[in-house]
Amino acid sequence: GRADIGVTGLAVMGSNLARNFARHGYTVAVHNRTKAKTDTLLEEHGEEGMFVPAATAEELVAALATPRRIVVMVKAGDPTDAVISEFAPLLEPGDMIVDGGNAHFEDTRRREHDLRQKGVHFVGAGISGGEEGALNGPSIMPGGSPESYTTLGPMLETIAAKAKDGAPCTTHIGPDGAGHFVKMVHNGIEYADMQLIAEAYHLLREVAGYEPRQIAETFRTWNTGRLDSYLIEITAEVLAHTDAATGKPFVDVVEDQAEQKGTGRWTVQIALDLGVPVSGIGEAVFARSLSGHADLRAASRDLPGPGAGTPLTPDAAAVFADQVEQALYASKIVSYTQGFHMIQAGSDMYDWDIDLGRIAAIWRGGCIIRAAFLDRITAAYDSRPDLPSLLSDKRFAEEIGTAQDDWRSVVAAAVHHGVPVPGFSAALAYYDALRAGRLPAALTQAQRDFFGAHTYRRTDRDGVFHTLWSGDRSEVAVG
Ligand code: NBP
């Protein structure tokens, strides 16, 4: 065999990834359960590079130079296990399976552990950027043994997106499930970013009284500043688009029920297990699920809300739009703070030793959340690798300090107008809770001790205590 790499699973992601490898000069052996997809790839794109079609798993394995590298791009879950079981018996120690699907990191940990017993490297690689990214350069988050990265890494660096400074948007994330974990949090942050942008749009429409075209212009302006990002850019595109059939703004003819494939939900589920407050991602997931409850919403439509109020003058609307930009930026800082806290917590829990600054660096290109903002996060971790939280970075703290008055005004205006801003307000609540000298958690602990003898610690003495609430209310030291 002579092929440098094999790709099995030639739906949109797999065939685009195979083409990306081939366009960079690698010889790519390609295979799909249903052979027709392999044939189509060769027919339509065979001239783009060196492809070796394989009709069976055995043929794919035979086509590969050793040690073999096989990228699996099939549906996550059972199909991935089925494909691994098919290939594993055909492989030798030193060979490598790379799962580029959206696997749950716990599955990746299990698969890596199982294949390691056979001496086969298993690399769980999160890939972001959708089909366009897979073809022209995605952000790639590979986990697995450091050894696996020494041979696979250079290939991934070749096909990955490049940041503005030319650095490839991939790096060895850490052992076993680290890559898929980081990809999961990436998707969670993507949910939060999208929710914050949606809230900004909603406020500009309902409070400032802007039409979608005007909002598109506003977003275009924001995209030239510190909010410069792929998601802001496509938001402007969407808002400027007119529906051909009706002549209405496109956004007005799309049903307002957001769907989800599950990675945002995973992020929140795992965050709950790790005890990390990712309230921004949580609110984003819940906002999508609320939007989908059509019957509940229909039954609630007549509930009272605030009156319409007087419309803002154009000048006042412009001032408000600037405030919304401040609120969006501050909320975005909080949402990345929470996301990076989660990556740190996962890294601590599973001994992954993840370099947070490098994560921000490889998200600068290729992926859905690519943004100028990520340079600042990289800079923050570069200047202080043990940064306890993004909010402790001097620059972010200063920026949020500048933004906070407007941020509060925007949340207040939203409440006043009855516009839901779960993302903005959860971010602000997180910020204020972190700032607080004392939290009402003291009261919560006292209540827990009252009804459940759950004990408490005191501010003035070491030890664990319980008050005899149903007795004489004296305090006893416990344990
Ligand atoms: P799909 O997720 O739609 O999967 C289709 C592929 O899985 C086909 O090649 C299909 O083969 C194969 N497959 C299935 Br289904 N069951 C199989 C089995 N039991 N044995 C062998 N092959 C099986 O493809 P996709 O949208 O290209 O995504 C691939 C992966 O990349 C997924 O994990 C996805 O979550 C992830 N991802 C997707 C995107 C995106 O933007 N779409 C972005 C990032 C990551 P067949 O042709 O024989 O049915």
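**Cores, cavities and a few odd backbone spots**

Val185 is fully tucked away: its relative accessible area is 0%, so it counts as buried. This is a predicted model, and everything below is read from it. Val185 belongs to helix α8, which spans residues 178–206. Setting aside neighbours within four places in sequence, Val185 is in contact with Thr267, Gly339, Met342 and Ile343. Trp266 is 81 residues from Val185 in sequence, yet the two C-alpha atoms are 8.7 Å apart in space.

Thr221 makes a handy contrast. This residue sits in helix α9, residues 212–222, and it counts as exposed because its relative accessibility is 51%, with the cut-off for exposed being over 50%. Thr221 and Ile377 are separated by 156 residues along the chain and by 22 Å between C-alpha atoms.

Turning to the packing, the largest nonpolar core holds 91 residues. Those that touch the most other members are Leu203, Phe219, Phe340, Trp363, Ile377, Trp407 and Phe424. Helix α15 supplies the largest share of this core, with 16 residues. Phe424 shows what such packing looks like at the level of one residue. Beyond its neighbours within four places in sequence, Phe424 is in contact with Leu196, Glu199, Ala200, Leu203, Val324, Ala327, Leu328, Ser331, Trp407, Val410 and Val411. Two of these partners, Leu203 and Trp407, are also on the list of core residues that touch the most other members. There is also a second, separate core of 26 residues, with Ala18, Tyr26, Met73 and Val98 among them.

Val98 leads on to strand β5, residues 96–99. Met96 and Val98 point one way from this strand, Ile97 and Asp99 point the other way, and all of them are buried. That is the usual pattern, since side chains in a regular strand alternate between the two faces of the sheet. Strand β4, residues 69–72, pairs with β5 in the parallel sense over 4 bridges. Within this pairing, Val72 stands opposite Asp99.

How many cavities of 30 Å³ or more does the model contain? The count comes to 3. The largest has about 90 Å³ of space. Its lining is made up of Asp193, Leu196, Ile197, Leu227, Ser229, Leu231, Ile232, Leu328, Lys332, Ile368, Ile369 and Arg370. By residue class this lining divides into 8 nonpolar, 1 polar and 3 charged. Helices α8, α10 (230–240) and α15 (314–350) each supply at least two of the lining residues, and α8 gives the most, with 3. Leu196 and Leu328 line this cavity, and both are in contact with Phe424 as well.

The second largest cavity has about 50 Å³ of space. It is lined by Leu17, Phe21, Val71, Val98, Gly100, Ala125, Ile127, Ile140, Leu156 and Ile159. Here the lining divides into 9 nonpolar, 1 polar and no charged residues. Helix α1 (12–23), strand β6 (121–128) and helix α7 (146–159) each supply at least two of them. Val98 thus turns up again: it lines this cavity and is a member of the second core.

Open space was looked at too. The second largest pocket has about 260 Å³ of space. Of the 15 residues that line it, Lys164, Arg364, Arg370, Ala371 and Ala372 are the closest to its centre. The lining of this pocket divides into 4 nonpolar, 3 polar and 8 charged residues. Arg370 is found in the lining of this pocket and also in that of the largest cavity.

Finally, a few backbone details deserve a look. The peptide bond from Thr66 to Pro67 is cis, with omega near -5°. Pro67 is in the loop between α3 (57–63) and β4, the strand that pairs with β5. Asp353 is not a glycine, but it has a positive phi of about 55°. This residue is found in the loop between α15 and α16 (356–362), and with a relative accessible area of 71% it is exposed. Thr455, likewise a residue other than glycine, has a positive phi near 70°. Its place is the loop between α20 (441–452) and β8 (464–467).

How values were computed
Residues numbered from 1 in each chain as written. Predicted model: local features only at pLDDT ≥ 70, side-chain atom pairs only at ≥ 80, totals over all residues. Heavy atoms only, no water. 1 Å grid on protein atoms, 1.4 Å probe; cavity = no way out; pocket = protein on both sides within 12 Å on 5 of 7 lines; lining within 4 Å. Points joined across faces, edges and corners; volume = space filled by probe spheres on them. Nonpolar A, V, L, I, M, F, W, Y, C, P; charged D, E, K, R; others polar. Core = buried A, V, L, I, M, F, W, Y, C linked by side-chain atoms within 4.5 Å. Buried < 20%, exposed > 50% of the residue type's maximum accessible area, 1.4 Å probe, protein only. Contact = heavy atoms within 4.5 Å. Pairing = 2+ DSSP bridges.
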